[in-house]
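Visitor: Please show me the model, and then let us go through it by question and answer.

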Amino acid sequence: MSTIKIALKNEGYFLTEAKASAVEVALAARPTAGAFLFGPAGAGKSELPQALGRALGREVIFFQCFPGTREDDLLVKLIPHDEAISGIMAVDGAVLEAAKASQNRPVFLILDEWDKTRPSADSFLLDFLQTGRIRFNGRSCTADRANLTVWITMNDERELSEPLLRRLPLIHFSHLPTDLVRKALQISHPDHPFISAALILYERCLMAGMAKPATIQELRQLLDAITLLGDRADWDA
């Protein structure tokens, strides 16, 4: 078993040996480490780099993209501030924050659901991955790419530019096989009498083609609720 797979297992994240090998390749990618993580909702794309960051002791900077996200949104964040004349203060956005942090320590930058950004953001990200440089409002900053790992999740909402897709490895996700879900539930809820029933529910979610089938976290919450409520547990509720 690979060290990556063991480290993630200790964080409660389960993946196949092949996926663990793909993660190892992503961590070794140059000039900037990281990967595009592509697959259906609920397949564990966003949780993978967060769990890996915890396992490796890396600082994690997370940005949730939203429809129409612009380059400026990645570089500056506006927050309420009582002492500012306008009542709002501009602070470093996720990409600028990660670039600065990388100059002193290893950091994971997670750009979640990148395909919600405007297409023009692809060119900005491509240049950042190629050079580590940022120029914004007369300021400049260069990331130490030896300390920077960039994870970019996608849900297939739009096509990305071909040059950008070639910049990092691409890791495809599918829903976890039932045997891995069983192992995860056995660790958190050993010998729970309803694990088999929870797995049947998971398989039926897959068979029904749900946009987001039940996740391991949700199945664990279900088992917790059943344990707490006992005979009063209502699976439908």
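Visitor: Is Arg133 buried, partly exposed or exposed?
Guide: In this predicted model, Arg133 has a relative accessible area of 35%. Buried would require under 20%, and exposed over 50%. Arg133 therefore counts as partly exposed.

Visitor: With which residue does the side chain of Arg133 meet in a salt bridge?
Guide: The N to O distance of this pair is 4.0 Å. The partner counts as partly exposed, at 31% relative accessibility. The residue that Arg133 meets is Asp127.

Visitor: Which residues are joined into one network by salt bridges that share partners?
Guide: The structure holds eight salt bridges. Where such bridges share partners, they link residues into one network. Its members are Glu11, Glu47 and Arg54.

Visitor: How many residues apart in sequence are the parts tied together by Asp122 and Arg158?
Guide: The side chains of Asp122 and Arg158 meet in a salt bridge of 2.7 Å, N to O. Asp122 belongs to helix H6, while Arg158 sits in the loop between S8 and H7, so the pair ties together parts whose separation in sequence is 36 residues.

Visitor: What is the relative accessibility of Asp122?
Guide: Its salt-bridge partner Arg158 is buried, with a relative accessible area of 17%. Asp122 also counts as buried, because its value falls under the 20% limit. For Asp122 the relative accessibility is 3%.

Visitor: Which residue forms a salt bridge with Glu113?
Guide: Glu113 lies in the loop between strand S5 (107-112) and helix H6 (120-131). Phi of Glu113 is near 60°, a positive value in a residue other than glycine. Glu113 counts as buried, at 17% relative accessibility. In its salt bridge the closest N and O atoms are 3.4 Å apart, and the partner is Lys116.

Visitor: Is Asp156 buried or exposed?
Guide: Asp156 is placed in the loop between strand S8 (148-154) and helix H7 (162-165). It has a positive phi of about 70° although it is not a glycine. Its relative accessible area is 55%, and the cut-off is over 50%, so Asp156 is exposed.

Visitor: How far apart in space are Leu111 and Met154, C-alpha to C-alpha?
Guide: Leu111 is found in strand S5 and counts as buried, at 0% relative accessibility. In sequence, Leu111 and Met154 are 43 residues apart. Their C-alpha atoms are separated in space by 9.1 Å.

Visitor: Where is the cis peptide bond from Arg30 to Pro31 placed, judged by the position of Pro31?
Guide: The bond from Arg30 to Pro31 is cis, with omega near 10°. Pro31 is located in the loop between helix H2 (17-28) and strand S1 (33-38).

Visitor: Which helix gives the most to the lining of the largest pocket?
Guide: The largest pocket has a volume of about 730 Å³ and is lined by 35 residues, with Gly42, Ala43, Gly44, Glu47 and Thr215 nearest its centre. By class, the lining has 13 nonpolar, 12 polar and 10 charged residues. Helix H3 (47-56) and helix H10 (216-229) each supply at least two lining residues. The most, four residues, come from H10.

Visitor: What is the accessible area of the nonpolar patch on the surface?
Guide: The patch is formed by Phe194, Leu201 and Trp235. Phe194 is in the loop between helix H8 (178-188) and helix H9 (195-207), and is partly exposed, with a relative accessible area of 35%. Together the three patch residues have an accessible area of about 250 Å².

Notes:
Residues numbered from 1 in each chain as written. Predicted model: local features only at pLDDT ≥ 70, side-chain atom pairs only at ≥ 80, totals over all residues. Heavy atoms only, no water. Patch = residues over 30% accessible without salt bridge, like charges linked within 9 Å, V, L, I, M, F, W, Y side chains within 5 Å. Areas by Shrake-Rupley, 256 points an atom, 1.4 Å probe, with all protein chains shown as cover. Buried < 20%, exposed > 50% of the residue type's maximum accessible area, 1.4 Å probe, protein only. 1 Å grid on protein atoms, 1.4 Å probe; cavity = no way out; pocket = protein on both sides within 12 Å on 5 of 7 lines; lining within 4 Å. Points joined across faces, edges and corners; volume = space filled by probe spheres on them. Nonpolar A, V, L, I, M, F, W, Y, C, P; charged D, E, K, R; others polar.
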